[in-house]
Amino acid sequence: MVMESPAGFDLSKQQHNAAKALDETLRAQMAQACSGLSPIALAMAHADWAMHLMASPGRQSLLAQRALELSLQTWRNVLAQPEQGEKDSRFADEDWNAWPYVALKEGFKACDAWWRDAAQQGGGVSRHHQHMVNFFTGQALDAMSPSNWPWTNPEVQRTAQETQGRSLQEGMRFFMKDLQETLSAHPDTPSEALPPLDYAVGKDVAVTPGKVVFRNHLIELIQYTPTTREVLPEPVLIVPSCIMKYYILDLSPHNSMVKYLVDQGHTVLIVSWRNPDASDRDLKMQDYLCGVLAAIAAAKASTGAPRLHTMGYCLGGTFLAIVAAALGRLSRKPGRARTAKEKALIPDDLPELASVILLAAQTDFTEPGELGVFIDEEQLATLRQTMGERGYLSGKQMGGSFVYLASRGLLWGRNTRRYLMGEEDANFDLMSWNADTTRLPARMHSEYLTALFLNNALAAGQYRFAGATVALMDIRAPMMVVATTRDHVSPWKSVYKIHLQTDTHVTFVLAEGGHNAGIVSEPGRPRRSYQMGSVEDNMGWIDPDDWKAEAPVTQGSWWEAMHAWLAERSGRPGKPPAFKREQVLCDAPGEYVMVRYAD
């Protein structure tokens with residue numbers, strides 16, 4: 001077979017394939033050298049910024065003036081009496097106020113301020129490129145902090161002196177241990193050969209008693225054992241994100257949302273997603289949406305309940321919103337005959353959705369926060385290539401992306417404590433869960449990023465499922481939408497946009513904390529608060545900043561408000577549903593959550 005090249009030369013298909021393979025190999029090596037990022041995308045962003053700066057002599061003069069002002073301010077700060085209560089935790093130790101460390105600290109802070117000003121070009125640079133320049137400028141500055149290096153960090157030097165060098169010796173031991181584990185990691189290493197988690201699944205965490213009542217290739221469905229004599233008649237089905245192990249919502253008994261809901265008289269079921277391998281490379285977004293539908297059908301089969309409360313966390317919430325909209329579309333036209341795709345994908349006789357609760361879940365991706373730095377055509381092409389070789393996105397790659405979002409604490413702060421101070425990592429259940437990484441199938445992850453993040457198809461009314469366009473306006477069930485104040489993954493103002501997309505009752509909750517810690521916010525936890533407000537009929541749009549300024553602040557856990565909200569939309573309590581012996585497959589936490597990989 002002969003193909004004509006754009007230049008007019010006749011090339012064989014084999015030659016084209018060889019040339020393509022060479023290009024892909026080179027780009028893959030370049031991306032590997034840049035921690036999985038596309039160097040082309042990075043270069044284009046910084047070239048856009050640099051060329052606009054070169055063409056702005058007025059801007060250059062302002063930056064020169066700013067540099068002079070910061071230099072003078074630095075020396076004033078060095079010579080003046082140090083202020084109490086350093087806001088930057090990296091320099092909280094009192095020795096940073098002594099010479100010469102105070103000069104290093106103040107000089108770095110001035111440099112940091114100047115470069116952040118310089119990165120903000122002001123006009124002409126594309127929005128995405130400006131976002132990338134701001135983000136990676138911050139990454140570079142955080143890396144250069146004097147707190148990261150032993151010869152410029154007085155706390156590290158004092159600790160080494162007090163311990164007669166044992167802290168540095170212990171830090172080197174930690175470094176060699178981590179390096180050895182990284183170099184010896186292999187994706188085919190069996191779970192039992194991996195280092196044990198600090199908190200064992202099924203023993204220390206994920207210990208709420210229950211049974212696996214359904215299993216297919218993609219999900220296990222766990223139904224929990226009631227602890228009250230009576231339960232509310234509508235079960236609560238939880239759909240966690242497939243990006244994480246489900247037991248983020250069933251950690252230790254004192255901070256398990258599952259246990260809390262069970263103890264309040266709810267029948268609780270939760271989806272445990274399969275941790276995929278290379279054989280699952282062709283699983284699609286549609287398969288995951290069908291997994292949610294299968295869980296809804298299985299929940300009804302196991303409990304016999306005609307109505308069901310539903311809850312989705314992070315990406316699981318996005319899946320749930322799509323499914324709820326598809327079911328709402330069908331319920332609006334009950335007499336219409338189902339299409340062939342609807343019959344094939346949506347089970348018959350599903351329970352009515354009594355409510356839809358979304359936890360830190362986006363449905364509009366125009367403002368995805370720092371994650372948007374990694375989303376453009378060039379970077380997705382690089383990611384597709386990497387995933388195509390393996391068949392999945394590894395947990396290491398995914399975890400690395402999240403570390404980028406909070407590198408000051410998760411990377412540099414940790415490295416300083418562990419490798420320079422010789423301090424062991426914090427040992428608590430949430431950190432152990434964070435180390436229990438999961439994979440995502442190549443095709444599903446590519447579709448998810450392209451359709452939702454890159455094209456914002458769901459909010460634009462262009463996402464299709466079961467043969468029709470999904471419109472969140474079709475959701476009929478009342479909704480509770482929970483966001484958190486310091487969420488780098490699902491920024492609260494992005495989550496708040498659900499008000500623009502739905503035509504049902506929405507109770508919006510803004511909880512104190514981050515993407516995980518703000519959701520895992522059990523009663524009795526100190527320094528926790530939330531704001532809550534409901535959108536009633538004919539209220540119209542309220543700007544998010546106006547909403548935040550007006551919504552009352554309640555001290556304590558938003559879980560209690562969630563339980564009250566669910567109880568208001570439930571029937572009278574009655575006898576708990578009994579487990580059907582023929583449906584019980586094994587005890588909780590099941591098998592899928594136990595699958596671990598070295599990557």
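I began at Asp 349, which is found in the loop between α11 (340-345) and β8 (352-359). The model I am reading is a predicted one. Phi of Asp 349 is positive, about 55 degrees, although the residue is not a glycine. I then asked whether Asp 349 is buried or exposed. Its relative accessible area is 59%, and the cut-off for exposed is over 50%, so I put Asp 349 down as exposed.

Next I looked up Ala 206, where phi is near 55 degrees, again a positive value in a residue other than glycine. Ala 206 sits in the loop between α7 (166-184) and β3 (210-215). I noted a relative accessibility of 2% for Ala 206; buried means under 20%, so Ala 206 counts as buried.

I went on to the cis peptide bonds. One joins Trp 99 and Pro 100, and I read its omega as about 5 degrees. I placed Pro 100 in the loop between α3 (57-79) and α4 (101-119). Another cis bond runs from Ala 588 to Pro 589, with omega near 10 degrees. I found Pro 589 in the segment after β17 (586-587).

I turned to helix α3 and picked out Gln 60, which has its place there. How far apart in space are Gln 60 and Ala 118? The C-alpha to C-alpha distance is 8.8 Å, while in sequence Gln 60 and Ala 118 are 58 residues apart. Not counting residues up to four places away in sequence, I found Gln 60 touching Leu 53 and Met 54. With a relative accessible area of 37%, Gln 60 is partly exposed.

Then I looked at the interior. Which members of the largest nonpolar core touch the most other members? I listed Trp 273, Phe 319, Tyr 463 and Phe 465, out of 96 residues in that core. A second core of 45 residues is separate from it, and I noted Met 244, Leu 430, Trp 433 and Met 480 among its members. As background, nonpolar side chains tend to be buried together in soluble globular proteins.

I followed Trp 273 further, leaving aside its neighbours within four places in sequence. Its contacts include Leu 218 and Ile 219, and also Val 239, Pro 240, Ser 241 and Cys 242. I also wrote down Tyr 288, Val 292, Phe 319 and Tyr 592 as contacts of Trp 273. Phe 319 thus appears in two of my notes, as a contact of Trp 273 and as a member of the largest nonpolar core.

Last, I took the protein chain as a whole. I counted 20 helices and 17 strands in its secondary structure. The radius of gyration is 26 Å, close to the 25 Å that the globule rule gives for 599 residues, so I entered the chain as being as compact as a globular protein of that length. Along the principal axes, the C-alpha trace spans about 75 × 70 × 55 Å.

Buried residues make up 49% of the 599 residues. I looked at contacts between residues at least 6 apart in sequence, and 82% of these join residues at least 24 apart. For the accessible surface I have about 28,600 Å², with 55% of it belonging to carbon and sulfur atoms. I closed with the charges: the chain has 58 positive and 68 negative side chains, and the centres of the two sets lie 4 Å apart.

Key:
Residues numbered from 1 in each chain as written. Predicted model: local features only at pLDDT ≥ 70, side-chain atom pairs only at ≥ 80, totals over all residues. Heavy atoms only, no water. Core = buried A, V, L, I, M, F, W, Y, C linked by side-chain atoms within 4.5 Å. Buried < 20%, exposed > 50% of the residue type's maximum accessible area, 1.4 Å probe, protein only. Contact = heavy atoms within 4.5 Å. Helix = DSSP H or I, 4+ residues; strand = E, 2+ residues; numbered from the N terminus. Rg over C-alpha atoms; globule rule 2.2 N^0.38 Å. Areas by Shrake-Rupley, 256 points an atom, 1.4 Å probe, with all protein chains shown as cover. Lys, Arg positive; Asp, Glu negative; His and termini not counted. Charge placed at Lys NZ, Arg CZ, Asp CG, Glu CD.
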